[in-house]
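Let's take a walk through this model together. Keep the viewer open and follow along as we go.

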Amino acid sequence: MALATAGEFLSFARQYDWGEQLLRRAIAMQPNWPKPRSELALLLMQAGRDDQAYGELQKAAELDPFHKQVQNQLELADEMKGFKTFKTENFSIIYPPGPDEALALDMTVMLDPIYNFVTSSFSHQPKHVTQIQIMPNERWFGVRITGIPEIWTIAACTGDVIAMTPPKVGARQRGAYDWARVIQHEFTHTVTLDRTQNRLAHWFTEACAVAMEPGGRDFNTCQLLADALANDGLFNLKTINWAFVRPEKPTDRPLAYAQANWMYDYIQVTFSHDAILSILDNFAKTNDSAKVIQTVTGQDEATFMDGFEKWAHQQVKSWGLGPHDGDEALKPIFEAFAKGIQPPDQILEKLTTDHPDHPDVLRLVAQKAIAEGDAGTARAAVLKYARARPVDPWSNKQLVILAQQLEKHDELIGALTALDENEQSTGQWAFELAKLYGKDKRWPEALANSLRAIQREPYNADYRENAATMALMNKDMGKAMHQVRALTLLEPDRSIHWARLAVIARRMGDEATSQQAAQKAVALDPQSPAKKLLQ
Ligand SMILES: [Zn+2]
């Protein structure tokens, strides 16, 4: 019993080799006991050794045909036998055949730059090739990651394997998301866990992973941090680890991610990036966070946290959040507004006179100006609020509308770019930018933004068509062919995609692909213009 439980625990702690040894010993001692076999099979799956896992799963299923988890895993392993693989320099990408191949295709060009960025940031290259496994939907993703303690709902890292549910809309799907950002987060776990031989406090591996996410923290996160700081709600170096594993409030886990990353920023600006690397190396020796911090910064926990909070107050101030003069006086008024009562003009005027720089007052003034309809006045009021609280995306959303009305082209591009920067769930801002740049015939920018839209919504055929056109305008045949190939995967029954592929492949000198695609195009539509390409 003890050996099997220890093996299971080590699988949780990602000590796979050691866990495997213990479980194999348990099996040798009691070969007919299903538990260690099923645990071994699950551990091998998590470690990415699916071939070995399959054999163990079958043995475990023979011993215990009613073990639900084993049955599920076996069913998934069967399903995954039909999956296909792309290989890049540093990754293998495993995906179900069909539309998901379009996403896998994008990964073949985008993953190695992510590898270079993350491995150089942490001065470490993992020993093994990292596997990216695209699961068909959230159900299979759920089965795939059963038993993994850290579930990030759309993707999870178990060391050398990163499993993800596709950024897709539909039944049993989680909807669109920035998959490259998520992989950059998960791959950071692969790197930091490998560098520390999986001995790393939970908060610090998350701190590093969030730090690698492009785009920065969003408004909700800023508000969460500001509230916690103002209300003495930040975690200490012990409680922060528990907040990931056993959150007590719904905000505990998001706050733990955000605070861990905030402390990372503080360490980086106050002590240096080398201090970050040194913390990683010290966690390989002890899991006591306070000791590690003391060794690297020379400060005990109290001193460290005190310095962090002082810095944090400055940050919150620069975001335009946290306490402001006039908060107490404004409270009852804002409570009334929250119930839908609009401020009468005299009250708003008095608020403006008494608290001219209060961000909440500035936003009320801006809202009123927008409602009154003079675009110029509204723009000035929105810009004033934006300066007082730069992290609120509301300003840029208003500026997108106002800049269009006032025909302020550069301001429109600026506002859309700012909105797009940390947008995670829609390609709409990037797509609008691509269209604007396209109108200006600025093809490199148009193409770059087309691709950013696809990064959030890789299954969106309209975005792909736009990107293919922008690539052609930019005379980038390779990128155009990539997008048209993706379209043939997303919409295999549309003759036009095959016809375009046939034309582009011929221009690229790839006659075999051109012929195949032309045949498909003509098979789907005998009148296809690809007919004249057929030899
Ligand atoms: Zn994570």
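Which helix is Glu 372 found in? Glu 372 belongs to helix H18, which covers residues 359-372. Before going further, keep in mind that this is a predicted model. Is Glu 372 buried or exposed? Its relative accessibility is 58%, and the cut-off for exposed is over 50%, so Glu 372 counts as exposed. For a sense of scale, pick Ala 53 as a second marker: its C-alpha atom and that of Glu 372 are separated by 66 Å, with the two positions 319 residues apart along the chain.

Now move to the metal. The zinc ion has protein donors from His 185 (NE2), His 189 (NE2) and Glu 206, with Glu 206 listed twice through OE, and these donors lie 2.1 to 2.6 Å from the ion. What is the geometry of the zinc site? The angles among the four donor atoms run from 53 to 148°. A tetrahedral label would need all angles between 85 and 135 degrees, and the site comes out as irregular. Water is not among the atoms, so a site may look incomplete.

In sequence, the donor residues follow the spacing H-x3-H-x16-E. His 189 sits in helix H8 (residues 179-195) and Glu 206 in helix H9 (residues 202-212), so this pair ties together parts that are 17 residues apart in sequence. Both His 189 and Glu 206 are buried.

Helix H8 also packs against another helix. Its axis and that of H6 (residues 100-121) come within 10 Å and cross at roughly 45°. H6 and H8 are therefore oblique to each other, and their crossing is right-handed. From H6, the contact residues include Leu 103, Met 107, Met 110, Leu 111, Ile 114 and Phe 117. On the H8 side, Trp 179, Ile 183, Phe 187 and Val 191 are among them.

One more helix pair deserves a look. H10 (residues 219-230) and H15 (residues 301-319) have axes that come within 10 Å and cross at roughly 130°. That angle makes H10 oblique to H15. What is the handedness of the H10 and H15 crossing? It is left-handed. H10 makes the contact with Cys 222, Leu 225, Ala 226 and Leu 229, while H15 brings in Glu 309, Ala 312, His 313, Val 316 and Trp 319.

Notes
Residues numbered from 1 in each chain as written. Predicted model: local features only at pLDDT ≥ 70, side-chain atom pairs only at ≥ 80, totals over all residues. Heavy atoms only, no water. Donors = N, O, S within 2.8 Å, 3.2 Å for Na, K, Ca; no water. Tetrahedral: all angles 85-135°; square planar, octahedral: opposite > 155°, others 65-115°. Helix = DSSP H or I, 4+ residues; strand = E, 2+ residues; numbered from the N terminus. Buried < 20%, exposed > 50% of the residue type's maximum accessible area, 1.4 Å probe, protein only. Axes fitted to C-alpha atoms, helices over the stretch in contact; angles between N-to-C directions. Parallel < 35°, antiparallel > 145°, perpendicular 65-115°, else oblique. Left-handed = near helix turned anticlockwise from the far one by under 90°. Contact = heavy atoms within 4.5 Å.
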